[in-house]
Amino acid sequence: MKPKQQSVTRLPLIGARQVALLEKLSNACAVSGDEGEVRRIVQDELKSVADEMKHDALGNLLVIRKARTESFLKVMIAAHMDEVGFMIVDKEEGGLFRFEMVGGVSKSHLAGKAVWVGTKHHYGVIGAKAIHLISPEELKSPISLENLRIDMGPGGSDHARVGDRATFATTFRRVGPSLIGKALDNRLGVATLIELVKHAPMHIELQAAFTVQEEIGARGASVAAYALQPDLAIALDSTPAYDLPDWDGQENTRYNTRLGFGPAIYVADAGTISDPRLISFLVATAEQYRIPYQIRQPGGGGTDAGAIHRSRAGVPSVSVSIPGRYAHTPAGLCRISDWRHTLALLYHALQDITPSILETERRMP
Amino acid sequence: MKELIRKLVESVGPSGYEHIVRDVVKDEVAPFADELRVDALGNLIVRKGVRKENGLRVMLSAHMDEIGIIATHIDENGFIRFTMVGGVFPRNCPGGRVRFMNGVQGVIGTERTESVDKAYMIEQLFIDVGASSRADCPVKVGDVAAFDRPMLDLGNRLVAKAMDDRISVAAQIETLRRLSDTPHEVYFVFSVQEEVGLRGATAAAYGVDPDVGIAVDITMTGDTPRGMKMEVALGKGPAIKVRDGRMLSDPRLIRHMVETAEKAGIPYQLEVLEGGTTDASVIQLTRAGVPAGCVSIPCRYVHSPSEMVDIRDVQHAVRLLLEILSNPIPL
């Protein structure tokens, strides 16, 4: 497809300002169901450019950039604001709190980690028995959640109550070409979508959905898509990269995605079989602008697209993710280059997309 | 009808990639359709008739997709690692053949394991398409394939991959062809992505907004040596579904189907399926709710590359559907 000169915007770049915004987003706490802190950051960033901004019943932030042309596509891009974490469920003596996990967290990642509790980010730690005291027998058995507590110290009893959320207390850092932080899944997507809204083309209606409760089943996206009724949709997310060499020297065949290979385009995950028209459009766009891309290994996992494509009478959908190592652990790691290339791919895709993409029935080109 | 069935089951159409099958169906139904459209997810929706007095908007649904596989990695020697699309049993895979959408064929091989009595995991399987390196492998990550096997005609019994649910697609086509007079506005839906979670029918039902929904799908049988305990058998007629893993059929609809079959002298069986479900389960939950039921065609060896049906059950299913659609449906 030929690039259209319909817009005065230019390709947005990832500079110090964008990294600073991602830092703010990553350090914010927004465990599923309690996304207010991230939502306020997004609202502040976009209130001056949005044609419409709506905060819906479930907490999704729906930001519209209207088309300036007569006929236009309604393109929904969804990036979830929430992250996995914890919920306080019981208060015990001396600043100790029992907690449950929210979303996909592994118990083996918990012991000995510092956490931020509540909207004021009170500091605590998930206690664990010191190695000095662990018997050889105990070492063999996995840790159970029943035996773990968030310890906020004797003064901490007043700093948390049942229902408060907690996250890993990891402060964002830039390390050379990499970024390290918590909740890069999916603050990377949120930061990217903010740039796309700021640089939206004029020939489409861009429906930016900053969604809630993705990590517990794409619940926010489901109602957002119902309200927006898009012509097509892209879920913008972050997906694990497990691109390490296999320990026995065999070829690693199960990496999901690889750092440095660019945006990961989805063909199929557990929730969605991407629309082949949209896959080939994104691939063609990447090749035309010489943007590196990778096909995410088909398999499990899911994004907001799983809910969106089933909305009403169906919505052609695809997902694009920024690869990141160690997702859902205390610290993820991604490459700035993958972020930049994902932004470039979606920027050009929005610039070049036309209604003709839906004129043919769903099929492989 | 056997030639139509052969054409349908030998087409490649794993979930999400039903367009080849859809093209076959479209050619077959176009002369008989009052209206024909393909929706956003690829469902083929064919209308016949207008609603008259005593008529309803009736949605039938048979899914076009079949289970299959999708390539996840091409290794340095050109072997293809894959994962399943829908309910593929790894135990049915070794030695099987597959065909990708682009026509490339291959055979499924296995890693060597220490214990021969343990079932393979899907991660231990790979596809060999005759390539010797990643560079000369004609398959890319994300390419989809279906099991590859010609139909076997055993007289009354037919064996093929994808009988689930092309046999019902054939039954719906035949029903549409022979439906001459109906008080109903009938939507014949040929749905997509059933095997991965009834996704096509979810969207199609919302779009059609029917008064009553009937899925046409296969069901399992209990008539093989030391098989599962189940009443349904091959050759005893279509099965009127009472219940499955995700749906209780509307009792008024069950009663009406039973009475219709008895009045017309059509053999039938009653079906209670412990696991599994059909498009009817999502039609039932559409919008404010839809009375739904299912006409099932008994099938042996479900989700293997050799699924067996009895052609007489199919013919009786068509007769039953014609009787239902030609007369008022009391609800």
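With 17 C-beta neighbours inside 10 Å, Met202(A) falls between the limits for a buried and an exposed residue and therefore counts as partly exposed in this predicted model. Met202(A) lies in the loop that runs between H4 and strand S12 (204-211) of chain A. In sequence Met202(A) stands 149 residues from Gln351(A), yet in space the two C-alpha atoms are 8.4 Å apart.

Gln351(A) belongs to the stretch assigned to helix H8 (residues 336-352) of chain A, which packs with H4(A) at an angle of about 40 degrees, the two axes being 10 Å apart. At that angle, H4(A) is oblique to H8(A), and the crossing of the two helices is right-handed. From H4(A), the residues Leu188(A), Thr192(A), Glu195(A) and Leu196(A) take part in the contact, where they meet Trp339(A), Thr342(A), Leu343(A), Leu346(A), Tyr347(A) and Leu350(A) of H8(A). Sorted by class, the residues in the contact of H4(A) with H8(A) comprise seven nonpolar, two polar and one charged.

H4(A) also packs with helix H1 (residues 16-27) of chain A, here at an angle of about 135 degrees and with the axes 9 Å apart. This angle, too, makes H1(A) oblique to H4(A), and H1(A) passes H4(A) in a right-handed crossing. The contributions of H1(A) are Gln18(A), Leu21(A), Leu22(A), Leu25(A) and Ser26(A), whereas those of H4(A) are Leu184(A), Arg187(A), Leu188(A), Val190(A), Ala191(A), Ile194(A) and Glu195(A). Eight nonpolar, two polar and two charged residues make up the contact of H1(A) with H4(A). Leu188(A) and Glu195(A) of H4(A) thus appear in the contact with H1(A) as well as in the contact with H8(A).

Several backbone features call for comment, since most residues other than glycine have a negative phi and most peptide bonds are trans. Within chain A, the peptide bond from Asp185(A) to Asn186(A) is cis, with omega near 20 degrees, and Asn186(A) is itself part of helix H4 of chain A. In chain B, a cis peptide bond joins Asp164(B) to Asp165(B), with omega near 15 degrees, and Asp165(B) is placed in helix H3 of chain B. For this helix (residues 163-178), the 16 residues should span 22 Å at 1.5 Å a residue, and the end C-alpha atoms are 22 Å apart, so the expected and modelled spans agree. H3(B) is mostly covered, with 14 of its 16 residues buried.

Positive phi values are found in two residues other than glycine. Asn256(A) has phi near 70 degrees and is located in the loop between strand S13 (232-241) and strand S14 (264-265) of chain A; with 19 other C-beta atoms within 10 Å, Asn256(A) is partly exposed. Tyr301(B) has phi near 60 degrees and sits in the loop between strand S17 (292-298) and strand S18 (307-310) of chain B, where its 17 C-beta neighbours inside 10 Å place Tyr301(B) among partly exposed residues.

The contact between the two chains draws 27 residues from chain B and 20 residues from chain A. On the side of chain B that touches chain A, strand S4 (68-74), strand S5 (80-85) and helix H4 (199-208) of chain B each supply at least two residues, and the largest share, five residues, comes from H4(B). By class, the residues on this side of chain B divide into eleven nonpolar, eleven polar and five charged.

Methods: Residues numbered from 1 in each chain as written. Chains lettered and ligands numbered in written order. Predicted model: local features only at pLDDT ≥ 70, side-chain atom pairs only at ≥ 80, totals over all residues. Axes fitted to C-alpha atoms, helices over the stretch in contact; angles between N-to-C directions. Helix = DSSP H or I, 4+ residues; strand = E, 2+ residues; numbered from the N terminus. Parallel < 35°, antiparallel > 145°, perpendicular 65-115°, else oblique. Left-handed = near helix turned anticlockwise from the far one by under 90°. Contact = placed C-beta atoms within 7 Å. Nonpolar A, V, L, I, M, F, W, Y, C, P; charged D, E, K, R; others polar. Expected span 1.5 Å × (residues − 1). Buried ≥ 20, exposed ≤ 12 C-beta atoms within 10 Å, placed from the backbone.
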